[in-house]
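Biologist: I should like a close look at a single part, namely the ligand and its surroundings. Please describe them in one connected account.

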Amino acid sequence: MKRSIIKIVFYSLCFHSIVGCNSDSNSKDSQLNIKAIDKRESYIRAINGSDEEIDSSIIERGKVMISYSDCYTCHKEDKKLIGPAFSDIDLRYPRKEVFIKILAQRIIHGGRGAWGNAEMSAHPKLKTEDAEAMVAYILSFSSIASK
Ligand code: HEC
């Protein structure tokens, strides 16, 4: 008799946790989560491709050049400021020469529309090879951070 009461209590608890709690609040939460993931994916718009090897001295040079330039007035490493987080730029573009060249030109000439409506000022005095080193650093962000 005791056992069957325990069984009933046990099964009704299970039933409640499967059916009861799964209703409203949980599914709303998961819908919100899916929306947040969708939003994040359409913000990042990751481009497929694998990273190419890049000389670590170039990456180091890029890091130093960024700290001496005005980049950090609009960018943060891992949070959006006026411009996208460096970690998000790293998530979008594979570290390939073609993207390094394109992004270096965007830094030099300025840009808008790739991440939203804010505008990146032009950096006409920046040499191409220096801008490319900066991009090499940004696109190595996750591999450096996880070390
Ligand atoms: C005046 C603010 C500002 C400054 C200064 C600035 N940026 Fe940006 N940056 C932005 C904004 C805003 C965007 C997003 C532009 C867009 O949506 O196309 C951006 C985008 C970028 C991108 C991605 C471009 C793309 O097309 O995906 C890179 C790379 C970048 N910045 C690097 C730099 C570096 C390196 C420096 C320093 C030399 C720098 N930024 C200085 C505001 C700035």
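Modeller: The ligand is surrounded by 27 residues, a residue being counted when one of its heavy atoms lies within 4 Å of the ligand. Cys71, Cys74, His75, Tyr93 and Met120 are the closest of them. The model is predicted, and local features require pLDDT of at least 70, side-chain atom pairs pLDDT 80 or more, whereas totals for chains, interfaces and linings use all residues. Residue numbers start from 1 along each chain as its sequence is written, and side-chain values rest on heavy atoms, without hydrogens and water.

The account begins with the metal. The iron atom of the ligand has two protein donors, His75 through NE2 and Met120 through SD, at 2.0 to 2.2 Å; donors are N, O and S atoms within 2.8 Å of the metal (3.2 Å for Na, K and Ca), and sites may look incomplete without water. The arrangement is octahedral because the 6 donor atoms around the iron subtend angles of 87 to 180°; for six donors, the term requires opposite donors over 155 degrees apart and all others between 65 and 115. The two protein donors join distant parts of the chain: 45 residues separate histidine 75, in the loop between helix H3 (56-68) and helix H4 (86-92), from methionine 120, in strand E2 (residues 119-120). Helices (H or I, at least four residues) and strands (E, at least two) are DSSP runs numbered from the N terminus. With a relative accessibility of 11%, histidine 75 counts as buried, whereas methionine 120, at 27%, counts as partly exposed. Buried means under 20% relative accessible area, exposed over 50%, and partly exposed in between (1.4 Å probe, protein chains only).

Polar atoms also approach the ligand. A side-chain N or O atom of histidine 75 is 2.8 Å from a ligand nitrogen. A polar side-chain atom of arginine 106 lies 2.5 Å from an oxygen of the ligand, and a backbone N or O atom of glycine 116 is found 3.5 Å from a ligand oxygen.

The ligand occupies the largest pocket. A pocket is an open set of points, on a 1 Å grid over the protein atoms alone, where a 1.4 Å probe fits, with protein on both sides within 12 Å along at least five of seven lines; lining residues have an atom within 4 Å of a point. A molecule sits there if more than half of its atoms lie within 2 Å of the grid points. Helix H5 (97-109), strand E1 (111-112), E2 and helix H6 (128-138) each give two or more residues to the surrounding shell. H5 supplies the largest share, 3 residues.

Of these elements, H6 is largely enclosed by the rest of the structure, because 8 of its 11 residues are buried. Among the buried residues of H6 are Asp130, Met134 and Tyr137. Alanine 133, also in H6, is buried with a relative accessible area of 1%. Its C-alpha atom is 9.8 Å from that of isoleucine 54, 79 residues away along the chain.

Histidine 123 lies in the loop between E2 and H6 and, at 14% relative accessibility, counts as buried. Its side chain makes a polar contact of 2.8 Å with the side chain of aspartate 70. Such a contact is a pair of N or O atoms within 3.5 Å; within protein, one must be able to donate a hydrogen and the other to accept it, and residues adjacent in sequence count only if both atoms are side-chain atoms. The backbone oxygen of serine 121 is 3.1 Å from a polar side-chain atom of histidine 123.

Conventions: Tetrahedral: all angles 85-135°; square planar, octahedral: opposite > 155°, others 65-115°.
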